[in-house]
Amino acid sequence: MQNQDIIYGINGPVVTVKNSRTFSMMEMVYVGKERLVGEIIGITDQLTTIQVYEETTGLRPGEPVYGTGSPMNVTLGPGILDNIFDGIERPLKAIAEESNSSFIDRGSNVSSLDEERLWDVTLTVKEGDQLKGGDIYAECPETAIIKHKCMVPPNLSGTVVKVAPNGKYKSVDEVVTLQDAKGTLHSLTLCQKWPIRVPRPVVKRRQPVVPLITGQRVIDTLFPIAKGGTAAIPGGFGTGKTMTQHQLAKWCDADIIIYVGCGERGNEMSQVLDEFAELIDPKSGRPMTDRTVLIANTSNMPVAAREASIYTGITLAEYYRDMGYHVAMMADSTSRWAEALREISGRLEEMPAEEGFPAYLPSRLAEFYERAGFVDTLNGNEGSISIIGAVSPQGSDFSEPVTQNTKRFTRCFWALDKALAYARHYPAINWTSSYSEYFNDLDPWYAKNVGEDFIKYRKRINSILQEENQLMEIVKLIGSDVLPDDQKLVIEIARVIRVGFLQQNAFHPDDTFVPLEKQKLMMKVILHLYKKARQLISASVPISGIIESGLFDKLVKMKYDIPNNKPEMFDDYIDEINKTLEAIVNA
Amino acid sequence: MILDYIGVKEINGSLIVLDGVKGASYEEIVDIRLDDGSMRQGRIVQMEGERIVVQVFEGTRGISLGNTRTRLRGRPMELPLSPEILGRVFNGAGRPIDGLGAIFPQKKMNINGSPINPVSRVYPRNYINTGVSTIDTLMTLIRGQKLPIFSGSGMSHNELAVQIARQAKITDEGSENNFAIVFAAMGVSNDVAEYFRRSFDESGVLQKVVMFLNLSNDPIIERTLTPRCALTAAEYLAFEQNMHILVIMTDMTSYAEALREFSSSKGEIPGRKGFPGYLYSDLASLYERAGMVRGKKGSVTQIPILTMPNDDVTHPVPDLTGYITEGQIVLDRSLDNSGVYPPVSVLPSLSRLMKDGIGKGYTREDHSALQNQLFASYAKVMDARSLASVIGEEELSPIDKKYLEFGKLFEQQFVSQGPNENRSIEESLNLGWKLLSSLPRSELDRVDDAILDKYFAPYEEKNAAPSDDDTPSEGGGEAK
């Protein structure tokens, strides 16, 4: 039955087949005797072009190419969580065990999900029920904290004619039989397949109005992202993109984390594996890995699979979104993905656009980021996917095509700054060149849940930072000594904001995650000192006296000195500010 | 049956095209015998039906359309390996050139290697003590890391690499004898290769060194094989013979240029500065071969050296390297000119893996706080200097003047050290605190009080009693 043809030409990851009418566009194929996974990316009447997801060394013209008749797809079902996959959803742990080698060999034929494992399944439908696409027919605990919901594939509907009893099943066992309108029987197992390049359908996209809380002050306060939102983190090497991504993955309040290491370092992936296994989720008391999926295409793994890894990641994210979870997807880094596009495009001898990138780069980026969103799912739940994509601009130059095009399609822009990183100011998010477009969407939520003050304080903090920025232009030219006292105060208080508030220590037990309430109170204390000090200065008290009181330094260390669970301590700070400043006046 | 294919159809740069070839496989090695009896090797880089494109490692000089006989070897490029390779010298394509005969192989390995499964990697945590203050304190080298030196022509990167190789100490018990160096020279001059050889000889480690030399006058295409051969040897020693391997590769810029030459002769669409679009993937396929794997005792640590054309860190080679490697040691021209050795430019240098390999149980509990503070304070030195260059030193505020003073001491005493000076980690850390004591305590905002009391206070008091003037004289004695 298999449609089959033979290899004609080979050039890196691109393989061609001559005079073939066998395959269709984007079909998944197996290439050569070792059955390397590939995908049809171009067809002319003479040549069919295949991109191969594995090393092509040793392939020969004349070896067979097998068609599969279906597009490149992934298997969706229980066993995805707490797992690590390569760019085309092959389980790396299972491959390591099966091959008994520390290196990845080609043509490993291990199924994506463990087909031997038994799941404790509860059926939620009965015979005679009408089901439509997306409806849930079975549930099983996938990990200790996440319940997996098996859903009817979106393009299928019908009447349940047979239901298996509750019990233990493998992921490929049939649990429900569905009869569609034409009378055809479909067997539903615990898993299903879905093509990675096609977004899974939803009922409706909603305006995102709930923030994705990250516990990182500079993000939550100054540049918030919504659940279902998109953000880009551009930064040259060494500015802390990966570190920021790790922090967000660890602390953001999404239910499921999909972490795609796209063309990044192998040691970083093993760090993620180590750290996430050790990190205990405060809400559930379970390790982070219970709600995490890793997709690893390290920079030395085949480049074509790198291009696919982003789509694999977002498809898994959509699957969990459809169950009604809030998913956060970290893509580190989308530049590597764009470069993979460029590399393949070059091999196809396409006409390059900007800097050798193919002309379809912007549309591919747009397609990817548009798969984020806060939605009503087919089964009536609500779920969301937030995408946080790192961008590695060449030569740290933000005007290059990937950064510029990403900027068009994401609504948060967290620009990492080399100068801040050199001074070890982390997270090195530059507060003048970054922005978030979610303020207006999220302000009602902040007002309701954290308090109106929060918004007010944020605006004040922002304007102080802007003011400092202008003053620094002068200071750079003539030094700070010549400034009048009120401007010196702005610089001094801005230092407290920068060092004491925006800077955050990922290795400090309290400071690594800070609840919104503490963020608000920190702003409150800082602004209180500013207000009081300004009153003194307008009453001609010299600023040197206020600086010598040590109040500024005390506030800088406030983030370490006040534990997250003792917000009442902030009142002591306010009292102390009042008393100390009064003493200065009286002296 | 072994077939010889007579003649070629087309010659273009280092590439030859053959037609009517049957049964060849992609990336297979071919032997090319010229009519005068000389042998060359090549690799199949592109195939279309029976037409194959072969890259000739030694170049195509002397090849005509009719004077060659080409034979397929049936295998991709493999390197013969055995523990005997220690102490030997090879050319860039892995053939012995020290006159000691061929290697009797225990094993042959494909020089392209296979990617390490991320699941099988061990996250590197053990630091390597190099005895260089700046590196140990501020950008600690970790076993299994890839930490390049970004340098420029004429700066002392070779001296630094030799010093690291000579002084590198692994801190575990019992691993002293397990340490070896693989050295790959790509397009460097004979003098440089000789300098490395002599230095290894003088420090008595030559029997633990494997050298792969592709000097600047050697065939360029062979250069694209050199690091692959070296890393294959390193992987063999590390993962089959359980040794700790330090790989020094110099100069990666020449390697990338060789790749560019090859790419353009193949007629590929060039990317930035004419380098091929796959430069990132290609460099990654080298750098990512550093690491440690589960169940194996050995490790591969890489120190690639690259010279930045025109000292430009945004040039594609250093830029892409920085995105792949786990940090970088950047050398600075102006420090070098003012006689500071090693001229490490502290601020842009970084080690990404150090955070988990330092501190209590590894180096000392105050290490992380100290390095943070040194970076932050030195960044302020730079601000003060740029301000001073506009308004003059006299006009600076007292605190800015203190920073200038600190910056001077830091560069003269901490960054600068002798090429044979081996400082212990304790010495380096203490020196750091001592230098910080030229600043008032309130400026040390990256350190919490407990650490300050324990490590900073002793120096603070010493400094507070006499006047500030005697700090420089104290420093003068130590700088070499």
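This is a chat about the interface between chain A and chain B in a predicted model.

Q: How many residues does each chain put into the contact?
A: In this predicted model, chain A brings 77 residues to the contact and chain B brings 76 residues.

Q: And what area is buried between chain A and chain B?
A: The buried area comes to about 6,100 Å², and carbon and sulfur atoms account for 54% of that figure.

Q: Which three residues supply more than any other three on the chain A side?
A: Those are A:Phe237, A:Asn267 and A:Arg424, which together supply 13% of the area that chain A buries against chain B.

Q: OK, switching to polar things: what's the salt bridge count between the chains?
A: The count between chain A and chain B is one salt bridge, and the side chains that meet in a salt bridge are those of A:Arg495 and B:Asp445, at 3.9 Å from N to O.

Q: How many residue pairs are in polar contact, then?
A: Across the interface of chain A and chain B there are 28 such residue pairs, with both residues of each pair at pLDDT 80 or more.

Q: Which element gives the largest share of chain A's side?
A: That is helix 4 of chain A (residues 266-278), with nine residues on the side that touches chain B.

Q: What's the breakdown by class on that side?
A: The side of chain A that touches chain B holds 26 nonpolar, 27 polar and 24 charged residues.

Q: Last topic, strands: which ones are joined between the chains, and do they run parallel or antiparallel?
A: Strand 2 of chain A (residues 9-11) and strand 5 of chain B (residues 39-48) run antiparallel and are joined by two bridges, with A:Gly9 standing opposite B:Glu48 of strand 5.

How values were computed:
Residues are numbered from 1 along each chain as its sequence is written. Chains are lettered from A and ligands numbered from 1 in the order in which they are written. This is a predicted model: local features need pLDDT of at least 70, side-chain atom pairs count only at pLDDT 80 or more; totals for chains, interfaces and linings use all residues. Side-chain values use heavy atoms; hydrogens and water are left out. Contact means heavy atoms within 4.5 Å. Buried area is the accessible area (1.4 Å probe) that two parts lose on being put together, summed over both. A salt bridge is a side-chain nitrogen of Lys or Arg within 4 Å of a carboxyl oxygen of Asp or Glu. A polar contact is a pair of N or O atoms within 3.5 Å; within protein, one must be able to donate a hydrogen and the other to accept it, and residues adjacent in sequence count only if both atoms are side-chain atoms. Helices (H or I, at least four residues) and strands (E, at least two) are DSSP runs, numbered from the N terminus. Ala, Val, Leu, Ile, Met, Phe, Trp, Tyr, Cys and Pro count as nonpolar, Asp, Glu, Lys and Arg as charged, and the others, Gly among them, as polar. Two strands pair if DSSP finds at least two bridges between them.
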